[in-house]
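Visitor: Please give me a close look at the strands of this model. I would like to follow them one by one, with a word on what lies elsewhere.

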Amino acid sequence: MDHDDKLPSAVAADALLALADGHHARTVRPVGTREAAGHLVKTYALQAPGRTVAEPDVEAALRLAEAHLALGGQRGSLGLSVLIVHAGGDGDYVLVHTWIEGHMADLAVFTGPAGRPGLLRPGRAGLAPCVWEAALLAHEREAFSRHVLDGTGPLSGRVAAWSADTVEGTVR
């Protein structure tokens, strides 16, 4: 069957097939839960093939997250965040995902050239997580719901369970 026969004209068949051909696994590892601007920040390193997230990259991302989270109360922050430090194939990305009031989340995406954390800047309006970042955030949504929202017992234990529920290995 020819893929162009039954698809609407806006579906970029060649581009989608090219993405599928180049799709691959990326390595992810948790690098701990830390405190920044009064928030608990569960942190991940996400690496494209041939790229590495080192401790100085994590520290730079935490400084960026701290500056962003300093205004968290004005955005309805509940004090729990996820930080993704992504050494991507085309540059570096830092995502700060924060749970906020009303069962919602706040997301900040920072982008910059590979290996230059001092040049990370807010991403353009509308920029959303890539497929690999979205895989981590999907896990985090489940962990937050399971441990914090649906959990039982003292909140400190529920937050500790959320903090310990991480992804390690590869994501696609």
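Guide: Helices and strands here are DSSP runs, at least four residues for a helix and at least two for a strand, numbered from the N terminus. Keep in mind that this is a predicted model.

Start with the whole sheet. Seven strands form an open sheet, in the order E6-E5-E4-E3-E2-E1-E7. The pairing is mixed. E6 and E7 (169–171) are the edge strands, and each pairs on one side only.

Now walk in from the E6 edge. Strand E6 covers residues 121–122 and runs antiparallel to E5, joined by two bridges. Arg-121 in E6 is the bridge partner of Thr-111. Thr-111 lies in E5, and there it stands opposite Tyr-93. Thus Thr-111 has Arg-121 as a partner and Tyr-93 as another.

Next comes the pair E4 and E5. E4 spans residues 92–100 and E5 spans residues 104–112. Nine bridges hold them in the antiparallel sense. Together they make a hairpin, with three residues between the strands. Look at Gly-102 in that turn: its phi is positive, about 75 degrees.

One general point helps before we look at side chains. In a regular strand, side chains alternate between the two faces of the sheet.

Stay on E4 and find Trp-99. A search of the whole structure finds one aromatic pair. The partners are Trp-99 and Phe-144, with ring centres 4.2 Å apart and planes at 5 degrees. Planes under 30 degrees apart count as stacked, so this pair is stacked. The pair links distant parts of the chain: Trp-99 is in strand E4 and Phe-144 in helix H3 (residues 131–149), 45 residues apart. Both residues are buried.

Now go to the other edge. E1 (residues 26–36) pairs with E7 in the antiparallel sense, over three bridges. Arg-26 stands opposite Val-171 in E7. Arg-26 also has an aromatic neighbour: its charged end sits over the ring of Trp-132, 3.7 Å from the ring centre.

Finish away from the sheet, with Leu-16 in helix H1 (residues 13–22). Leu-16 has a relative accessible area of 48%, so it is partly exposed. The cut-off for exposed is over 50%. Patch members need over 30%. Leu-16 joins Leu-7, Val-11 and Leu-19 in a nonpolar patch on the surface. The accessible area of the four together is about 350 Å².

Methods: Residues numbered from 1 in each chain as written. Predicted model: local features only at pLDDT ≥ 70, side-chain atom pairs only at ≥ 80, totals over all residues. Heavy atoms only, no water. Patch = residues over 30% accessible without salt bridge, like charges linked within 9 Å, V, L, I, M, F, W, Y side chains within 5 Å. Areas by Shrake-Rupley, 256 points an atom, 1.4 Å probe, with all protein chains shown as cover. Salt bridge = Lys/Arg side-chain N within 4 Å of Asp/Glu carboxyl O. Buried < 20%, exposed > 50% of the residue type's maximum accessible area, 1.4 Å probe, protein only. Pairing = 2+ DSSP bridges. Phe/Tyr/Trp six-rings, centres within 6.5 Å; stacked < 30°, edge-to-face > 60°. Lys NZ or Arg CZ within 6 Å of the ring centre and 35° of its normal.
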